[in-house]
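Welcome! Please take a moment to look over the sequence and the 3D view before reading on.

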Amino acid sequence: MKTAPEIIVQLIHIEGPLKGQIQELSDPEIRIGRHPSCQLRFPADYNIISRQHATITREGNRFKLTDQSANGTIVNGKKIKEVYLKDGDVITIAEGGPKVSFLTEVRELFASPAQPAPQPLFSQTSAYQPPPPQQQPPPPQQPQYQPPPQQQPHYQPPAPQPLPRENIAPSYAPPEPPVFKPAQAPIPPARQPEPPAPPRESKEPLIIQYGPTLRSFNKLPLRIGRHPSCEFQLDHPGIIDMHAEIYFADGEYWVRDLTGQQLITVNRNPAGQGVALRQNDELFLSPNGPFFQFLGKGRLGELERPVDTGTDGRGMETGDQTADKAAKQSMPPKPMSFLKKIFSKE
């Protein structure tokens, strides 16, 4: 039986002395500071943060951040006194201090069903009944002697003698009529499997790391583009109003190109009307970005990748571009971003 849902607050430390840690809290009031009573507590010698710096208070399904410090609190680059937080907001605790990303997750609780009362091993009114006596197997019977059957001789007729060759007349064999064989119909080519149609709605989680923020979505399909009706709006020169759609079907995450211009690719192959995303697949929303990598379990992390312009108009690499490509291959790879390291943890 379901009970009231529980909202878990996830605080991801992006910068500061607790960098790399993720805290999950369900308290109705979360205190931030250096005091030992704070749930989000920083070292005592970190003087840039007050002892009672700020408080996150739950009001229904919303969370309000209240500043109580001398050095201030900043949310998404703006200094605040009170503000209601949204998933993906970046909180800077004191100017020049540590940074924390704010996320929430709804978890449903289930009440354990009542256990049935144990049944007594013996009934008070039942009388003892002895087990039925076992029957003894009958003694084995001795086999009786039977004489072997008498075999009667079989009559064998004499073998027929072949006639002389000169007395045999040649037999006439009429020619066999031609057999009509209809022309075989051509075998149709094997039909390629089509991607499944996107469902109307699926309650599957999706987390997207883009820049310094995390965005969490609790249902699919999800539309990506510049239009205000898109659930995930991107302000990027390579993105149009209705750009892409991510949905869940047949136990997998899928991406579909809504541009009609074959701009979206998965591992350099056009996405078209639907391509299933596998772990570590590279998703390019356009040749000029943004670039993402699918990390599995409904997680997309931004991928820093240069634009590939290593071919001329005929698809051939030029001399300068070949040299540039060789130089790039000799360079060490760029380190993985911090948020992507968090995503890659199982």
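This report walks through some backbone features and then some ring contacts.

Keep in mind that the model is predicted.

**Backbone features in loops**

Let us begin with two prolines. The peptide bond that joins Leu 220 to Pro 221 is cis, and its omega is near 5°. To find Pro 221, look in the loop that runs between β13 (213-217) and β14 (222-225). Further along the chain, the bond from Gly 289 to Pro 290 is cis as well, with omega near -5°. Pro 290 belongs to the loop between β21 (282-284) and β22 (291-294).

Next come two residues with a positive phi, although neither is a glycine. Ala 94 has a phi of about 75° and sits in the loop between β10 (90-93) and β11 (99-107). For Asp 250, phi is about 55°, and the loop in question links β16 (244-249) and β17 (252-257).

Is each of these two residues buried or exposed? Ala 94 has a relative accessible area of 0%, and buried means under 20%, so Ala 94 is buried. Asp 250 reaches 65% relative accessibility, and exposed means over 50%, so Asp 250 counts as exposed.

Here are the four backbone angles side by side.

| Residue or bond | Feature | Angle |
|---|---|---|
| Leu 220 to Pro 221 | cis peptide bond | omega near 5° |
| Gly 289 to Pro 290 | cis peptide bond | omega near -5° |
| Ala 94 | positive phi | about 75° |
| Asp 250 | positive phi | about 55° |

**Aromatic rings**

Now for the rings. How many aromatic pairs does a search of the whole structure find? The search finds eight. One of them is formed by Tyr 253 and Phe 294, whose ring centres are 5.9 Å apart. The planes of these two rings make an angle of 50°, and the pair is tilted. That label follows because planes under 30 degrees apart count as stacked and those over 60 as edge-to-face, with the rest being tilted.

Where do the two partners lie? Tyr 253 is in strand β17 and Phe 294 is in strand β22, so the pair ties together parts of the chain that are 41 residues apart in sequence. Both Tyr 253 and Phe 294 are buried. Together with Phe 248, they form one aromatic cluster.

Another ring to visit is that of Tyr 84. The charged end of Arg 62 sits over this ring, 3.9 Å from its centre.

Technical notes
Residues numbered from 1 in each chain as written. Predicted model: local features only at pLDDT ≥ 70, side-chain atom pairs only at ≥ 80, totals over all residues. Heavy atoms only, no water. Helix = DSSP H or I, 4+ residues; strand = E, 2+ residues; numbered from the N terminus. Buried < 20%, exposed > 50% of the residue type's maximum accessible area, 1.4 Å probe, protein only. Phe/Tyr/Trp six-rings, centres within 6.5 Å; stacked < 30°, edge-to-face > 60°. Lys NZ or Arg CZ within 6 Å of the ring centre and 35° of its normal.
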